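Visitor: I am new to this structure and would like a close look at a single part of it. Could you take me through the nonpolar core, and then through what is found around the rest of the chain?

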Amino acid sequence: MRLNKLFAALAAIVILISCGKKEDEPITPINADFNGTVSVIFNGSPFDNENIDVNFTPSEDGKTASITIYKIRFVPQMPVTIDVTIPNVNVTVTGEVMSLSKDQVVPLAMGGEYPRYTVTGLKGKIVGDEMSFSLNFGDYPTSFTGRKKI
């Protein structure tokens with residue numbers, strides 16, 4: 001009899017634990033590297049840069065971040081690749097989705113600001129191991145889709 005009560009109590013505890021809803025903890029922005037494709041619309045056609053690394057570096061409070069695109073060419077005729085950083089991107093976390101946005105910001109490249117290629121309309125997200133965003137570098141619509149590097 002005592003053994004039956006013990007098993008019944010243990011079964012009740014297991015059922016309560018397994019049925020209890022865990023509160024979704026918001027994800028915390030962390031420094032991460034992604035690899036994927038950057039597509040730039042040039043003369044009305046997409047110019048794809050494959051195997052491009054992108055770094056996401058959040059601020060200490062996680063409310064903003066810098067996005068750095070490494071070794072990018074914006075047009076086919078561009079003789080060299082450059083690294084471009086987009087500073088002060090707004091970060092909003094909702095459940096499992098980290099949303100990225102910025103209306104307007106001057107990008108940084110080769111040690112200085114590039115106001116001619118001011119970033120406008122940046123929108124994107126990080127969900128799990130995938131990052132995607134779109135923006136305009138000056139007059140050039142640009143997008144990125146990639147996966148977290150392991």
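Guide: What follows begins with the core and then turns to the pockets, the salt bridges and two backbone angles. Please keep in mind throughout that this is a predicted model.

The largest nonpolar core has 32 residues, and those that touch the most other members are Phe56, Ile67, Ile69, Ile86, Leu100 and Met131. The elements that give two or more residues to this core are strand E1 (32-42), strand E2, strand E3 (64-72), strand E4 (82-94), strand E5 (97-105), strand E8 (119-127) and strand E9. To see how one member is placed, take Ile86 and leave aside its neighbours within four places in sequence: Ile86 is then in contact with Ala65, Ser66, Ile67, Ile69, Val105, Val119, Leu122, Leu135 and Phe137. Two of these partners, Ile67 and Ile69, are themselves listed among the core residues that touch the most other members.

From the core we can pass to the pockets, where some of the names return. The largest pocket has a volume of about 220 Å³, and Phe137, a contact of Ile86, is one of the residues that line this pocket. The rest of the lining is made up of Phe74, Val75, Met78, Ile82, Val84, Pro107, Ala109, Met110, Tyr114, Tyr117 and Tyr140. By class, the lining of the largest pocket has 12 nonpolar residues, with no polar and no charged ones.

The second largest pocket holds about 150 Å³ of space, and its lining includes Phe56, which has already been named among the core residues that touch the most other members. Also in the lining of the second largest pocket are Ile27, Thr28, Pro29, Ile30, Ala32, Phe34, Glu96, Met98, Ile126, Gly128 and Lys148. Here the residues divide into 8 nonpolar, 2 polar and 2 charged.

Charged residues also meet in pairs, and the structure holds 2 salt bridges. In one of them, Asp53 is joined to Lys149, with the closest N and O atoms 3.2 Å apart. Because Asp53 lies in strand E2 (residues 45-58) and Lys149 in the segment after strand E10 (140-148), this pair ties together parts that are 96 residues apart in sequence. Asp53 counts as partly exposed, at 27% relative accessibility, and Lys149 counts as partly exposed at 42%.

The other salt bridge is formed by Arg147 with Glu130, and its closest N and O atoms are 2.7 Å apart. This pair links distant parts of the chain, with Arg147 in strand E10 and Glu130 in strand E9 (residues 130-137), 17 residues apart. Arg147 has a relative accessibility of 46% and counts as partly exposed, while Glu130, at 45%, also counts as partly exposed.

Finally, two residues deserve a look for their backbone angles. Asn88 has a positive phi of about 55° although it is not a glycine; Asn88 lies in strand E4, an element that also gives two or more residues to the core, and with a relative accessible area of 45% Asn88 is partly exposed. Met110, likewise not a glycine, has a positive phi of about 50° and lies in the loop between strand E6 (108-109) and strand E7 (112-113). Met110 is exposed, with a relative accessible area of 61%, and Met110 is also one of the residues lining the largest pocket.

Note on methods:
Residues numbered from 1 in each chain as written. Predicted model: local features only at pLDDT ≥ 70, side-chain atom pairs only at ≥ 80, totals over all residues. Heavy atoms only, no water. 1 Å grid on protein atoms, 1.4 Å probe; cavity = no way out; pocket = protein on both sides within 12 Å on 5 of 7 lines; lining within 4 Å. Points joined across faces, edges and corners; volume = space filled by probe spheres on them. Nonpolar A, V, L, I, M, F, W, Y, C, P; charged D, E, K, R; others polar. Salt bridge = Lys/Arg side-chain N within 4 Å of Asp/Glu carboxyl O. Helix = DSSP H or I, 4+ residues; strand = E, 2+ residues; numbered from the N terminus. Buried < 20%, exposed > 50% of the residue type's maximum accessible area, 1.4 Å probe, protein only. Core = buried A, V, L, I, M, F, W, Y, C linked by side-chain atoms within 4.5 Å. Contact = heavy atoms within 4.5 Å.
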